[in-house]
Structure formats: structure tokens, C-alpha cells
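Trainee: Before we start, could you take me through this model slowly, so that I can see how each label is earned?
Mentor: Gladly; let us look at it together and reason from the values.

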Amino acid sequence: GGAWLRHLARACVGIDISARVGRDLRGESRAENFIFVSNHRSSLDAVTIPVAICLLGQESVRWFVKLGIMRYPLIGGMMVDNGYAIVARRKDLPKLGDAKRRRFNRIVVTRFVRHVREENVSVGIFIEGHRFVGPKAGARRRNVGELVGKGTFCELCEKLPDHGIAVVTVLWPKLPGKTILELADLCDHPIDITVDLYPHPADPGTFLEEAFDRMDADLEAALTRSPHSG
């Protein structure tokens, strides 16, 4: 679980991870399951985000992941066995064509939602679609990417009306690199995670935009405070 991964990261890589609830705006709504949305800056989010999930006492979360992960048989097989939604990006199936790729993903999402409802579990999605490596020219947000998964999030909200929303922000003290060597300067420094909790949104699209505006501001503030932001 998340606690085990946190201790493993601390022992093997030297990264200390902690999570806390930031905003809790659920009121009297106390959904059993959540739609988790998170920023995505590093492959190590596979270690950081379970800490946040553990904080909420969640035992099973089904995630959307890219088809490219199937290049790694052990990890890919685990995700298939755990009922993850394996969706294809254009670069995952370059010869298939956009129309057929969209039909492929539509079948995946339809089956995924049906299984989630049958098993009564939480779901998770990286709204940016890929790891954030920096803002594109003209981007409105500086610390998160474009919300390419917004349509899927809205569909999840429509089809899972009893799920609350958990917005997870991994507050890296600096933008992490892609390799273990580039992560060396993060050793022995804490990585904080905040989890903001919300009831099921009446307007999922507007909710998501506003949630990521807040996330962008939180990340900017964390980077400004951090001595490692340079």
C-alpha cells in the first residue's frame, strides 16, 4: 500500500513523502468512493500518489494508464490484472488512425466504467495525459499542462454520480528529472502531497478548470518557498 511505498522510497532513494488533507469542502457529503485527479510530474508519482490514497483509507483505485506501459511486462500485467483502463495515445498506435484509435478507447472506457460500477471502487486519472515538463508557449497555467483528459473526467462524473472528487497535488520542491540520477538532489528533502476533497460536482468541466487553477497557484507558491526551486 501507500505506507509501504513511502517507506521504500525513503529507504532506497532517500525521498521522504508525506500527505495531508488540504481543503475539505464535502459538507455532509461523505462518498464511499472518489474520482482521483492528480498532477503528473514524474514517473515516481507511482510512489507518491499511493501515499495520498492511503491517507483516505482507499484500498482499491482503478487508474487510466497509457498503452505504452505494456512495454514493461511485469508492470503492464499487474495493471491489466487490477482492472486499469489501458488507453491508446496517437503515438502508441501510430498506424491505426485517429478514428479507429478513438473507437478502441471508447470500448476501453465503456468496459472500464461498467466494471467500476459493478465492483464499487474508486478511479484515478492524470488529466494532463502525460508528465508535465514545463509550460508550452502561451499556456495559461505555468505549473500544470493542458487538461487533455477533461472530457473523460466529465464522462466519469456523469456515469459515477455517487463518487466524490479528490484532487491530489504532489508538491515537488523542484521540477524533477526523468532519471534516478537527476533525482539525487531531492534526497533527504520532504515531498508534500495535499488532497482536496469535494462533493460530486454539478458542472464537472467548470469544476475541473477551477480545481486546476487552484492547483497551479498551490504549486507556484510551493516552488517559490522551496530552496530547491532554482
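**Reading the labels**

Mentor: The accessible surface of the protein comes to about 12200 Å², and 55% of that surface belongs to carbon and sulfur atoms. This is a predicted model, with a mean pLDDT of 84 for the protein and 84% of its residues reaching 70 or more.

Trainee: Where is confidence lowest in the protein, and where is it highest?
Mentor: The lowest mean, 46, belongs to helix 1 (residues 2-12), whereas strand 2 (residues 34-38) has the highest, at 97. Over residues 1-13 the pLDDT stays under 50, and for this stretch the model has 19 contacts beyond four places in sequence.

Trainee: How many helices and strands does the secondary structure come to?
Mentor: There are six helices and seven strands, and from the N terminus on the elements run α-β-β-α-β-α-β-α-β-α-β-β-α. Buried residues make up 45% of the 230 residues in the protein, and among contacts between residues at least 6 apart in sequence, 74% join residues at least 24 apart.

Trainee: What makes strand 7 count as paired with strand 1 and with strand 6?
Mentor: Pairing asks for at least two bridges between two strands. Strand 1 (residues 16-24) and strand 7 are joined in the parallel sense over seven bridges, and Asp24 stands opposite Leu197 in strand 7. Strand 6 (residues 164-171) is likewise joined to strand 7 by seven bridges, here with the strands running antiparallel, and Val170 stands opposite Ile193 in strand 7. Seven bridges satisfy the requirement of at least two, so strand 7 is paired with strand 1 and with strand 6.

Trainee: Why is Thr194 called buried?
Mentor: Thr194 has a relative accessible area of 7%, and buried means under 20%, so Thr194 earns the label. Thr194 lies in strand 7, a strand that is mostly covered, with seven of its nine residues buried. Leaving aside neighbours within four places in sequence, Thr194 is in contact with Arg20, Val167, Val168, Thr169 and Leu171.

Trainee: Is Arg140 buried or exposed, and how do you know?
Mentor: The relative accessibility of Arg140 is 57%, and exposed means over 50%, so Arg140 counts as exposed. Arg140 is placed in the loop between strand 5 (122-126) and helix 5 (150-159).

Trainee: Which residues does Arg140 contact, leaving aside its neighbours within four places in sequence?
Mentor: Those residues are Glu209 and Asp213. Arg140 and Asp213 are 73 residues apart in sequence and 9.2 Å apart in space, C-alpha to C-alpha.

Trainee: What makes the side-chain pairs of Arg140 with Glu209 and with Asp213 polar contacts?
Mentor: The distance is 3.2 Å for the side chains of Arg140 and Glu209, and 3.0 Å for those of Arg140 and Asp213. A polar contact is a pair of N or O atoms within 3.5 Å, one able to donate a hydrogen and the other to accept it, and therefore both pairs carry the name.

Trainee: Why is Asn120 called partly exposed?
Mentor: Its relative accessibility is 39%, and partly exposed covers the range between under 20% and over 50%, so the label fits Asn120. Asn120 is placed in the loop between helix 4 (98-119) and strand 5.

Trainee: What is notable about the phi of Asn120?
Mentor: The phi of Asn120 is near 55 degrees, a positive value in a residue other than glycine. Most residues other than glycine have a negative phi.

Methods: Residues are numbered from 1 along each chain as its sequence is written. This is a predicted model: local features need pLDDT of at least 70, side-chain atom pairs count only at pLDDT 80 or more; totals for chains, interfaces and linings use all residues. Side-chain values use heavy atoms; hydrogens and water are left out. Helices (H or I, at least four residues) and strands (E, at least two) are DSSP runs, numbered from the N terminus. Buried means under 20% relative accessible area, exposed over 50%, partly exposed in between (1.4 Å probe, protein chains only). Contact means heavy atoms within 4.5 Å. pLDDT is the predictor's confidence in each residue, from 0 to 100. Accessible areas come from the Shrake-Rupley method with a 1.4 Å probe; for residues, only the protein chains shown count as cover.
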